[in-house]
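Please look over the sequence and the structure below, and keep both in view while you read. The paragraphs that follow go from single residues to a pair of helices and then to the cysteines.

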Amino acid sequence: MSDLVPLARAHCLPRRGAEHRLPEARVRELLPEVPEWTLAEDGKALLRTFRFPDYRHTMSFVNALAHMANREDHHPDLGVHYDRCEVRWSTHDVGGLSENDFICAARTDELAS
């Protein structure tokens with residue numbers, strides 16, 4: 001991924017193997033680009049909770065997120081509740097965070113705005 005392309009405009013690429021896991025320094029560089037996300041699981045995942053006024057709005061977000069995730073072929077773990085959705089991005093095939101997780105976190109932010 002080029003640093004000239006905003007995360008929300010980049011696309012995911014297949015990432016398999018530890019060589020695609022982001023080093024801590026790169027994670028720290030990318031984290032300000034998705035400021036409302038937090039590191040979880042000892043830096044192996046990105047986590048954010050999105051809040052909505054009711055179930056209908058929550059499910060609309062979840063459906064839009066599922067559509068985006070399928071297009072990118074990168075899928076989050078979700079916790080869906082009446083008025084919120086907890087979204088967790090991590091790349092299982094690399095054993096932690098990859099650039100795909102930051103791309104999808106930025107795209108998720110756009111869906112919620």
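Two residues are said to be in contact, or to touch, when heavy atoms of one and of the other lie within 4.5 Å. With that in mind, and remembering that this is a predicted model, we can begin with Arg15, which is found in the segment before helix 1, the helix that covers 24–30. Leaving aside residues up to four places away in sequence, Arg15 touches His20, Thr91, Asp93, Val94, Ser98, Glu99 and Asn100. With one of these, Asn100, the side chain of Arg15 also forms a polar contact of 3.5 Å. Arg15 counts as buried because its relative accessibility is 13%, and the cut-off for that word is under 20%.

A second residue to find is Val34, which sits in the loop between helix 1 and strand 1 (38–40). Val34 is buried, since its relative accessible area is 0%. When residues up to four places away in sequence are not counted, Val34 touches Leu7, Phe102, Ala105, Ala106 and Asp109. Asp109 is 75 residues from Val34 along the chain, and yet the C-alpha atoms of the two are separated by 7.9 Å.

From single residues we turn to a pair of helices. Helix 2, made of residues 55–72, packs with helix 3, made of residues 99–112, at an angle of about 145 degrees, and their axes are 10 Å apart. The crossing of helix 2 and helix 3 is right-handed. On the side of helix 2 the contact is made by Phe61, Ala64, Leu65, Met68, Arg71 and Glu72, while helix 3 contributes Cys104, Arg107, Thr108, Leu111 and Ala112. Sorted by character, the residues of this contact comprise seven that are nonpolar, one that is polar and three that are charged.

Cys104, one of the helix 3 residues in that contact, leads to a last topic. A disulfide is a covalent bond between the sulfur atoms of two cysteines. How many disulfides does a search of the whole structure find? The search finds zero. Cys85 is in no disulfide, and the nearest cysteine sulfur, which belongs to Cys104, is 14 Å away. For Cys104 itself the closest cysteine sulfur is that of Cys12, at 3.5 Å, and this is too far for a bond because the two sulfur atoms of a disulfide must be within 2.5 Å. Cys85 counts as buried because its relative accessibility is 0%, and Cys104 is likewise buried, with a relative accessible area of 0%.

Technical notes
Residues numbered from 1 in each chain as written. Predicted model: local features only at pLDDT ≥ 70, side-chain atom pairs only at ≥ 80, totals over all residues. Heavy atoms only, no water. Helix = DSSP H or I, 4+ residues; strand = E, 2+ residues; numbered from the N terminus. Buried < 20%, exposed > 50% of the residue type's maximum accessible area, 1.4 Å probe, protein only. Polar contact = N/O pair within 3.5 Å; in protein donor to acceptor, adjacent residues only side chain to side chain. Axes fitted to C-alpha atoms, helices over the stretch in contact; angles between N-to-C directions. Left-handed = near helix turned anticlockwise from the far one by under 90°. Nonpolar A, V, L, I, M, F, W, Y, C, P; charged D, E, K, R; others polar.
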